[in-house]
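Visitor: I'm new here and I like to ask how you know things. Could you show me what we're looking at?

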Amino acid sequence: MLNDIIVAISTALQDGAISIVRLSGEGCIELVDKVFTADLIQKESHTMTYGFIFDPIDHQEIDECLVSVFRAPKTFTREDIVEINCHGGKMVTRRVLNVLLA
């Protein structure tokens, strides 16, 4: 359990311009790479990439996002971290979170 990926909404769950969903832990980059249109595996640490989060079941786009990759050990948690900057609002933010949790 200590090696599980942590996935959480990092901004207030209310209407706003931008919401952030943050992941931390070993394998979090690979997890987001499975639901993001751009390749994150080869990205260097502390970079931001433009693309779309999609539902892997029906391949429908959920939102246009900027995804930041931070590689261990040069992070606050000393683990890999991914931050997804998506459009704000409860519906989009929850859909992004639910796709990652599935």
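Guide: What follows is a chat about a predicted model, with reasons where a label needs them.

Visitor: Good. How are the strands of the sheet ordered?

Guide: This open sheet has five strands in the order β1-β2-β5-β4-β3, and the pairing is antiparallel. From one strand to the next, the twist averages 25 degrees.

Visitor: What makes β1 and β3 the edge strands?

Guide: Each of them pairs on one side only, so β1 (6-9) and β3 (47-54) count as edges, given that two strands pair if there are at least two bridges between them.

Visitor: How do you know that β2 and β5 pair?

Guide: Count the bridges. Pairing takes at least two, and β2 (residues 18-24) and β5 (residues 81-87) have seven, so they pair, in the antiparallel sense. Within that, Ser19 stands opposite Cys86 in β5.

Visitor: And what makes β3 and β4 a pair?

Guide: Eight bridges, against a minimum of two, so they pair as well, again in the antiparallel sense. Gly51 stands opposite Cys65 in β4, and Ile53 has Asp63 as its bridge partner there. The hairpin they form has six residues between the strands, and His59 in that hairpin takes a positive phi near 60 degrees.

Visitor: How many bridges link β4 and β5?

Guide: Five, with antiparallel pairing. There, Leu66 stands opposite Asn85 in β5.

Visitor: What packs on the sheet?

Guide: Helix α2 (residues 90-101) does, touching β1, β2, β3, β4 (61-70) and β5. Its direction makes about 145 degrees with that of β5.

Visitor: Why is β4 called mostly covered?

Guide: Seven of its 10 residues are buried, meaning under 20% relative accessible area, so "mostly covered" fits.

Visitor: How many disulfides are there in the whole structure?

Guide: Zero, according to a search of all of it. A disulfide is a covalent bond between the sulfur atoms of two cysteines.

Visitor: Why is there no bond between Cys65 and Cys86?

Guide: Set the distance against the cut-off. The sulfur of Cys65 is 5.3 Å from the closest cysteine sulfur, in Cys86, while a disulfide needs the two within 2.5 Å, so they are too far apart for a bond. The nearest cysteine sulfur to Cys86 is that of Cys65, and Cys86 is in no disulfide.

Visitor: Are those two cysteines buried or exposed?

Guide: Cys65 has a relative accessible area of 2%, which is under 20%, so Cys65 is buried. Cys86 comes in at 1%, so the label is buried there too.

Visitor: Now Ile53. Why is that residue called buried?

Guide: Ile53 lies in strand β3. Its relative accessible area is 1%, and the limit is under 20%, so Ile53 is buried.

Visitor: Which residues is Ile53 in contact with, leaving aside its neighbours within four places in sequence?

Guide: Val35, Phe36, Gln60, Glu61, Ile62, Asp63, Cys65, Ile84 and Val96.

Visitor: And how far is the C-alpha atom of Ile53 from that of Val67?

Guide: They are separated by 9.4 Å, with the two residues 14 apart along the chain.

Methods
Residues are numbered from 1 along each chain as its sequence is written. This is a predicted model: local features need pLDDT of at least 70, side-chain atom pairs count only at pLDDT 80 or more; totals for chains, interfaces and linings use all residues. Side-chain values use heavy atoms; hydrogens and water are left out. Helices (H or I, at least four residues) and strands (E, at least two) are DSSP runs, numbered from the N terminus. Axes are lines fitted to C-alpha atoms, for helices over the stretch in contact, and angles run from 0 to 180 degrees between N-to-C directions. Contact means heavy atoms within 4.5 Å. Buried means under 20% relative accessible area, exposed over 50%, partly exposed in between (1.4 Å probe, protein chains only).
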